[in-house]
Amino acid sequence: MAKIALVTGATSGIGRAISSIMAKEGYDIIATGRRASLLSELSKELETKYKVRVLPLSFDVRDASQVEHYLGKISEKWSDISLLVNNAGLAVGLNPVNTGVVDDWERMVDTNIKGLLYVSRIVSSMMIKRGGGHIINIGSIAGKGVYPNGNVYCATKHAVDALSKGMMMDLYTHNIRVSQICPGAAETEFSQVRFKGDLDKAADVYKGFTPLSAEDIADVVRYVALAPPHVNISDVVIMPTAQASVSLINRKV
Ligand code: NDP
Ligand code: 8X3
(Lines give C-alpha, C1' and ligand atoms only; values in the text may rest on other atoms or scores of the structure.)
(Ligands and ions follow the chains in the order given, each with its own letter.)
Protein backbone atom coordinates (compact mmCIF):
# COMPACT_ATOMS: atom_id res chain seq x y z
CA MET A 1 0.00 0.00 0.00
CA ALA A 2 1.29 3.46 -0.94
CA LYS A 3 1.83 5.98 1.83
CA ILE A 4 -0.60 8.92 1.94
CA ALA A 5 0.45 12.60 2.07
CA LEU A 6 -2.00 15.42 2.76
CA VAL A 7 -0.85 18.78 1.38
CA THR A 8 -2.79 21.96 2.15
CA GLY A 9 -2.62 24.79 -0.38
CA ALA A 10 -1.90 22.42 -3.27
CA THR A 11 -3.47 24.62 -5.97
CA SER A 12 -0.37 26.71 -6.56
CA GLY A 13 3.24 27.52 -5.73
CA ILE A 14 5.01 25.55 -3.02
CA GLY A 15 2.08 23.25 -2.19
CA ARG A 16 1.62 22.26 -5.81
CA ALA A 17 5.34 21.47 -6.13
CA ILE A 18 5.29 19.44 -2.89
CA SER A 19 2.28 17.42 -4.10
CA SER A 20 4.11 16.72 -7.33
CA ILE A 21 7.42 15.65 -5.78
CA MET A 22 5.76 13.39 -3.20
CA ALA A 23 3.58 11.80 -5.92
CA LYS A 24 6.80 11.18 -7.85
CA GLU A 25 8.05 9.37 -4.73
CA GLY A 26 4.98 7.13 -4.96
CA TYR A 27 2.81 8.75 -2.28
CA ASP A 28 -0.94 8.93 -2.77
CA ILE A 29 -1.90 12.57 -2.38
CA ILE A 30 -4.77 14.34 -0.64
CA ALA A 31 -4.59 17.77 -2.27
CA THR A 32 -6.51 20.65 -0.69
CA GLY A 33 -7.19 24.31 -1.48
CA ARG A 34 -10.17 26.50 -2.32
CA ARG A 35 -9.89 26.51 -6.13
CA ALA A 36 -11.59 23.27 -7.13
CA SER A 37 -10.74 23.50 -10.85
CA LEU A 38 -7.00 23.74 -10.13
CA LEU A 39 -7.22 20.78 -7.77
CA SER A 40 -8.94 18.70 -10.40
CA GLU A 41 -6.27 19.66 -13.01
CA LEU A 42 -3.52 18.72 -10.56
CA SER A 43 -5.20 15.40 -9.71
CA LYS A 44 -5.41 14.38 -13.36
CA GLU A 45 -1.79 15.38 -13.95
CA LEU A 46 -0.43 13.42 -10.98
CA GLU A 47 -2.59 10.35 -11.60
CA THR A 48 -1.43 10.17 -15.21
CA LYS A 49 2.23 11.02 -14.66
CA TYR A 50 2.94 9.05 -11.50
CA LYS A 51 0.15 6.42 -11.39
CA VAL A 52 -0.81 7.37 -7.82
CA ARG A 53 -4.24 7.97 -6.28
CA VAL A 54 -5.19 11.62 -5.71
CA LEU A 55 -8.08 12.92 -3.60
CA PRO A 56 -8.86 16.58 -4.33
CA LEU A 57 -10.66 18.26 -1.41
CA SER A 58 -11.80 21.81 -1.94
CA PHE A 59 -12.38 23.71 1.32
CA ASP A 60 -11.31 26.82 3.21
CA VAL A 61 -8.91 26.05 6.08
CA ARG A 62 -10.30 29.08 7.95
CA ASP A 63 -13.63 27.35 8.42
CA ALA A 64 -13.37 24.83 11.27
CA SER A 65 -16.64 23.14 10.33
CA GLN A 66 -15.49 22.60 6.71
CA VAL A 67 -12.17 21.19 7.95
CA GLU A 68 -14.08 18.83 10.24
CA HIS A 69 -16.46 17.88 7.40
CA TYR A 70 -13.72 17.02 4.89
CA LEU A 71 -10.94 15.66 7.12
CA GLY A 72 -12.72 14.50 10.28
CA LYS A 73 -15.07 12.35 8.22
CA ILE A 74 -12.59 11.22 5.56
CA SER A 75 -13.25 7.74 4.17
CA GLU A 76 -11.30 4.80 5.56
CA LYS A 77 -9.31 4.33 2.38
CA TRP A 78 -7.81 7.80 2.81
CA SER A 79 -7.50 7.96 6.61
CA ASP A 80 -4.05 6.35 6.95
CA ILE A 81 -2.23 9.67 6.49
CA SER A 82 1.49 9.37 7.23
CA LEU A 83 2.57 12.86 6.09
CA LEU A 84 0.79 16.18 6.60
CA VAL A 85 2.27 19.31 5.02
CA ASN A 86 0.69 22.44 6.48
CA ASN A 87 1.46 24.79 3.60
CA ALA A 88 -1.74 26.83 2.97
CA GLY A 89 -1.00 30.41 3.89
CA LEU A 90 -0.72 33.97 2.68
CA ALA A 91 0.39 37.52 3.25
CA VAL A 92 -2.12 40.27 2.54
CA GLY A 93 -1.04 43.90 2.44
CA LEU A 94 2.20 45.58 3.51
CA ASN A 95 1.17 48.49 5.72
CA PRO A 96 2.48 50.02 8.91
CA VAL A 97 0.35 49.01 11.87
CA ASN A 98 -1.41 52.41 12.08
CA THR A 99 -2.89 52.02 8.59
CA GLY A 100 -3.27 48.25 8.64
CA VAL A 101 -6.46 46.80 7.17
CA VAL A 102 -8.36 44.78 9.74
CA ASP A 103 -9.71 42.37 7.12
CA ASP A 104 -6.14 41.69 5.89
CA TRP A 105 -5.04 40.92 9.45
CA GLU A 106 -7.96 38.55 9.95
CA ARG A 107 -7.28 36.71 6.69
CA MET A 108 -3.64 36.12 7.72
CA VAL A 109 -4.33 35.13 11.33
CA ASP A 110 -7.27 32.91 10.37
CA THR A 111 -5.39 31.12 7.57
CA ASN A 112 -1.79 30.93 8.78
CA ILE A 113 -2.47 30.18 12.44
CA LYS A 114 -6.04 29.02 12.98
CA GLY A 115 -6.28 27.03 9.71
CA LEU A 116 -3.03 25.22 10.48
CA LEU A 117 -4.40 24.39 13.95
CA TYR A 118 -7.78 23.11 12.70
CA VAL A 119 -6.09 20.76 10.23
CA SER A 120 -3.37 19.64 12.66
CA ARG A 121 -5.85 18.85 15.45
CA ILE A 122 -7.73 16.36 13.30
CA VAL A 123 -4.80 14.85 11.42
CA SER A 124 -2.56 14.47 14.50
CA SER A 125 -5.29 12.54 16.29
CA MET A 126 -5.57 10.26 13.23
CA MET A 127 -1.78 9.81 13.30
CA ILE A 128 -1.86 8.90 16.99
CA LYS A 129 -4.42 6.17 16.19
CA ARG A 130 -2.22 4.76 13.39
CA GLY A 131 0.88 4.82 15.61
CA GLY A 132 2.91 7.62 14.04
CA GLY A 133 3.38 10.11 11.26
CA HIS A 134 5.13 13.28 10.21
CA ILE A 135 3.85 16.86 10.18
CA ILE A 136 5.82 19.45 8.20
CA ASN A 137 4.83 23.08 8.73
CA ILE A 138 5.79 25.63 6.10
CA GLY A 139 6.94 28.56 8.22
CA SER A 140 9.01 31.41 6.80
CA ILE A 141 12.13 33.46 7.26
CA ALA A 142 9.44 35.94 8.43
CA GLY A 143 9.01 33.62 11.42
CA LYS A 144 12.66 34.09 12.35
CA GLY A 145 12.91 37.88 11.94
CA VAL A 146 10.69 40.88 11.23
CA TYR A 147 10.74 43.48 8.46
CA PRO A 148 9.11 46.94 8.24
CA ASN A 149 5.37 46.73 7.48
CA GLY A 150 5.50 42.91 7.74
CA ASN A 151 4.03 43.16 11.26
CA VAL A 152 1.05 40.78 11.19
CA TYR A 153 2.38 38.37 8.52
CA CYS A 154 5.63 38.06 10.51
CA ALA A 155 3.62 37.53 13.71
CA THR A 156 1.66 34.68 12.12
CA LYS A 157 4.87 33.00 10.97
CA HIS A 158 6.42 33.49 14.42
CA ALA A 159 3.31 31.70 15.68
CA VAL A 160 4.02 28.84 13.24
CA ASP A 161 7.57 28.72 14.65
CA ALA A 162 6.20 28.43 18.21
CA LEU A 163 3.51 25.95 17.20
CA SER A 164 6.04 23.75 15.43
CA LYS A 165 8.08 23.51 18.65
CA GLY A 166 4.95 23.02 20.77
CA MET A 167 3.49 20.37 18.47
CA MET A 168 6.77 18.46 18.55
CA MET A 169 6.62 18.43 22.38
CA ASP A 170 3.00 17.28 22.33
CA LEU A 171 3.43 14.56 19.73
CA TYR A 172 6.92 13.06 19.93
CA THR A 173 5.85 10.41 22.44
CA HIS A 174 3.32 9.24 19.84
CA ASN A 175 6.05 8.58 17.26
CA ILE A 176 5.05 11.70 15.31
CA ARG A 177 7.82 13.86 13.85
CA VAL A 178 7.14 17.59 13.59
CA SER A 179 9.33 19.69 11.29
CA GLN A 180 9.32 23.27 10.14
CA ILE A 181 10.72 24.54 6.85
CA CYS A 182 11.31 28.29 6.63
CA PRO A 183 11.82 29.66 3.12
CA GLY A 184 13.07 33.09 2.17
CA ALA A 185 11.87 34.82 -1.01
CA ALA A 186 10.27 32.37 -3.44
CA GLU A 187 8.52 33.39 -6.65
CA THR A 188 4.98 31.95 -6.57
CA GLU A 189 1.55 33.59 -6.45
CA PHE A 190 2.53 34.82 -2.95
CA SER A 191 3.24 38.45 -3.89
CA GLN A 192 0.29 38.64 -6.31
CA VAL A 193 -1.92 37.71 -3.36
CA ARG A 194 -0.11 40.11 -1.01
CA PHE A 195 -0.59 43.02 -3.45
CA LYS A 196 -4.15 41.99 -4.31
CA GLY A 197 -3.55 41.30 -8.00
CA ASP A 198 -1.11 44.16 -8.72
CA LEU A 199 1.24 42.18 -10.99
CA ASP A 200 3.83 44.97 -11.38
CA LYS A 201 4.23 45.36 -7.64
CA ALA A 202 4.45 41.59 -7.30
CA ALA A 203 7.14 41.31 -10.00
CA ASP A 204 9.20 44.08 -8.30
CA VAL A 205 9.65 41.85 -5.24
CA TYR A 206 11.86 39.48 -7.27
CA LYS A 207 13.69 42.09 -9.39
CA GLY A 208 17.49 42.01 -9.57
CA PHE A 209 18.14 38.61 -7.97
CA THR A 210 17.28 34.96 -8.46
CA PRO A 211 14.58 33.96 -5.98
CA LEU A 212 13.86 30.43 -4.82
CA SER A 213 11.46 28.41 -6.92
CA ALA A 214 8.61 26.38 -5.44
CA GLU A 215 10.53 23.28 -6.56
CA ASP A 216 13.60 24.29 -4.49
CA ILE A 217 11.43 24.17 -1.37
CA ALA A 218 9.64 20.98 -2.40
CA ASP A 219 13.08 19.32 -2.70
CA VAL A 220 13.73 20.13 0.97
CA VAL A 221 10.31 18.81 1.99
CA ARG A 222 11.12 15.59 0.16
CA TYR A 223 14.50 15.29 1.90
CA VAL A 224 12.98 15.95 5.34
CA ALA A 225 10.05 13.57 4.75
CA LEU A 226 12.24 10.74 3.47
CA ALA A 227 14.84 10.92 6.26
CA PRO A 228 15.13 7.60 8.11
CA PRO A 229 12.35 7.09 10.70
CA HIS A 230 14.70 7.72 13.67
CA VAL A 231 15.74 11.13 12.24
CA ASN A 232 13.68 14.31 12.62
CA ILE A 233 15.05 17.35 10.78
CA SER A 234 13.07 19.72 12.94
CA ASP A 235 13.88 23.18 11.59
CA VAL A 236 15.28 24.26 8.22
CA VAL A 237 15.89 27.75 6.81
CA ILE A 238 16.29 27.96 3.03
CA MET A 239 17.03 31.27 1.31
CA PRO A 240 18.17 32.41 -2.12
CA THR A 241 21.95 32.88 -2.28
CA ALA A 242 21.24 36.60 -2.76
CA GLN A 243 19.38 36.80 0.58
CA ALA A 244 21.15 36.99 3.97
CA SER A 245 18.26 37.72 6.35
CA VAL A 246 14.58 38.51 6.25
CA SER A 247 15.36 42.06 5.08
CA LEU A 248 18.77 41.78 3.34
CA ILE A 249 18.57 41.02 -0.38
CA ASN A 250 21.44 41.76 -2.76
CA ARG A 251 19.65 43.23 -5.79
CA LYS A 252 21.64 43.99 -8.94
CA VAL A 253 19.32 46.76 -10.09
P1 NDP B 1 0.75 30.74 -3.27
O2 NDP B 1 -0.10 31.94 -3.17
O3 NDP B 1 1.30 30.37 -4.60
O4 NDP B 1 0.01 29.48 -2.65
C5 NDP B 1 -0.75 29.58 -1.46
C6 NDP B 1 -1.63 28.35 -1.33
O7 NDP B 1 -2.36 28.45 -0.10
C8 NDP B 1 -2.61 28.22 -2.46
O9 NDP B 1 -2.69 26.87 -2.86
C10 NDP B 1 -3.92 28.64 -1.82
O11 NDP B 1 -5.00 27.93 -2.41
C12 NDP B 1 -3.73 28.18 -0.38
N13 NDP B 1 -4.61 28.91 0.52
C14 NDP B 1 -4.56 30.22 0.84
N15 NDP B 1 -5.59 30.53 1.64
C16 NDP B 1 -6.30 29.40 1.84
C17 NDP B 1 -7.47 29.09 2.57
N18 NDP B 1 -8.12 30.01 3.28
N19 NDP B 1 -7.94 27.82 2.54
C20 NDP B 1 -7.28 26.88 1.83
N21 NDP B 1 -6.16 27.10 1.13
C22 NDP B 1 -5.67 28.35 1.14
O23 NDP B 1 1.97 31.03 -2.26
P24 NDP B 1 3.20 30.09 -1.79
O25 NDP B 1 3.19 28.81 -2.48
O26 NDP B 1 4.39 30.95 -1.86
O27 NDP B 1 2.83 29.92 -0.25
C28 NDP B 1 2.76 28.67 0.40
C29 NDP B 1 3.23 28.83 1.84
O30 NDP B 1 4.60 29.20 1.84
C31 NDP B 1 2.50 29.90 2.64
O32 NDP B 1 2.27 29.41 3.94
C33 NDP B 1 3.48 31.06 2.67
O34 NDP B 1 3.31 31.87 3.81
C35 NDP B 1 4.78 30.28 2.74
N36 NDP B 1 5.97 31.02 2.33
C37 NDP B 1 6.07 31.58 1.09
C38 NDP B 1 7.22 32.25 0.72
C39 NDP B 1 7.36 32.95 -0.57
O40 NDP B 1 8.26 33.83 -0.69
N41 NDP B 1 6.58 32.62 -1.60
C42 NDP B 1 8.38 32.31 1.64
C43 NDP B 1 8.15 31.71 2.91
C44 NDP B 1 7.01 31.06 3.22
P45 NDP B 1 -6.41 28.57 -2.86
O46 NDP B 1 -6.16 30.01 -3.19
O47 NDP B 1 -6.84 27.73 -4.02
O48 NDP B 1 -7.26 28.37 -1.65
C1 8X3 C 1 7.50 35.01 2.68
C2 8X3 C 1 8.86 35.62 2.73
O3 8X3 C 1 10.14 37.71 3.31
O4 8X3 C 1 8.20 37.95 1.86
O5 8X3 C 1 7.20 34.36 3.87
O6 8X3 C 1 7.92 37.55 4.19
S7 8X3 C 1 8.75 37.27 3.05
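Which polar backbone atom is 2.8 Å from an oxygen atom of ligand 1? The points below answer this and describe the predicted model as a whole.

1. Contacts of ligand 1. The backbone atom in question belongs to N87, and the separation from an oxygen atom of ligand 1 is 2.8 Å. A second backbone contribution comes from E189, where an N or O atom lies 3.2 Å from an oxygen atom of ligand 1. R35 takes part through its side chain instead: an N or O atom there is 2.9 Å from an oxygen atom of the ligand. Considered alone, ligand 1 exposes 880 Å², and the protein buries 96% of that area.

2. Surroundings of ligand 1. The ligand has 30 residues around it, of which T11, S12, R34, Y153 and T188 come nearest. By class, this shell holds twelve nonpolar, twelve polar and six charged residues. The space that ligand 1 takes is the largest pocket. Three elements each give two or more residues to the shell around ligand 1, namely α1 (13-24), α5 (151-171) and α6 (190-194).

3. Surroundings of ligand 2. Ligand 2 also sits in the largest pocket, the one whose space is taken by ligand 1. The residues surrounding ligand 2 are S140, A142, Y147, Y153, F190 and R194. Sorted by class, they comprise four nonpolar residues, one polar residue and one charged residue. Y153 deserves attention here, since this residue belongs to the shell of ligand 2 and is also listed among the residues that come nearest to ligand 1.

4. Contacts of ligand 2. Three side chains place polar atoms beside oxygen atoms of this ligand. For S140, a polar side-chain atom lies 2.5 Å from an oxygen atom of ligand 2. In the case of Y153, the distance from a polar side-chain atom to a ligand oxygen is 2.5 Å. The side chain of Y147 has an N or O atom 2.6 Å from an oxygen atom of ligand 2. Taken alone, ligand 2 exposes 240 Å², of which the protein buries 82%.

5. Overall fold. The protein chain contains eight helices and seven strands. Its radius of gyration is 17 Å, close to the 18 Å given by the globule rule for 253 residues, so the chain is as compact as a globular protein of that length. Along the principal axes, the C-alpha atoms of the chain fill a box of roughly 50 × 35 × 35 Å.

Methods: Residues numbered from 1 in each chain as written. Chains lettered and ligands numbered in written order. Predicted model: local features only at pLDDT ≥ 70, side-chain atom pairs only at ≥ 80, totals over all residues. Heavy atoms only, no water. Near = heavy atom within 4 Å. Polar contact = N/O pair within 3.5 Å; in protein donor to acceptor, adjacent residues only side chain to side chain. Areas by Shrake-Rupley, 256 points an atom, 1.4 Å probe, with all protein chains shown as cover. 1 Å grid on protein atoms, 1.4 Å probe; cavity = no way out; pocket = protein on both sides within 12 Å on 5 of 7 lines; lining within 4 Å. Sits in = over half its atoms within 2 Å of the grid points. Nonpolar A, V, L, I, M, F, W, Y, C, P; charged D, E, K, R; others polar. Helix = DSSP H or I, 4+ residues; strand = E, 2+ residues; numbered from the N terminus. Rg over C-alpha atoms; globule rule 2.2 N^0.38 Å.
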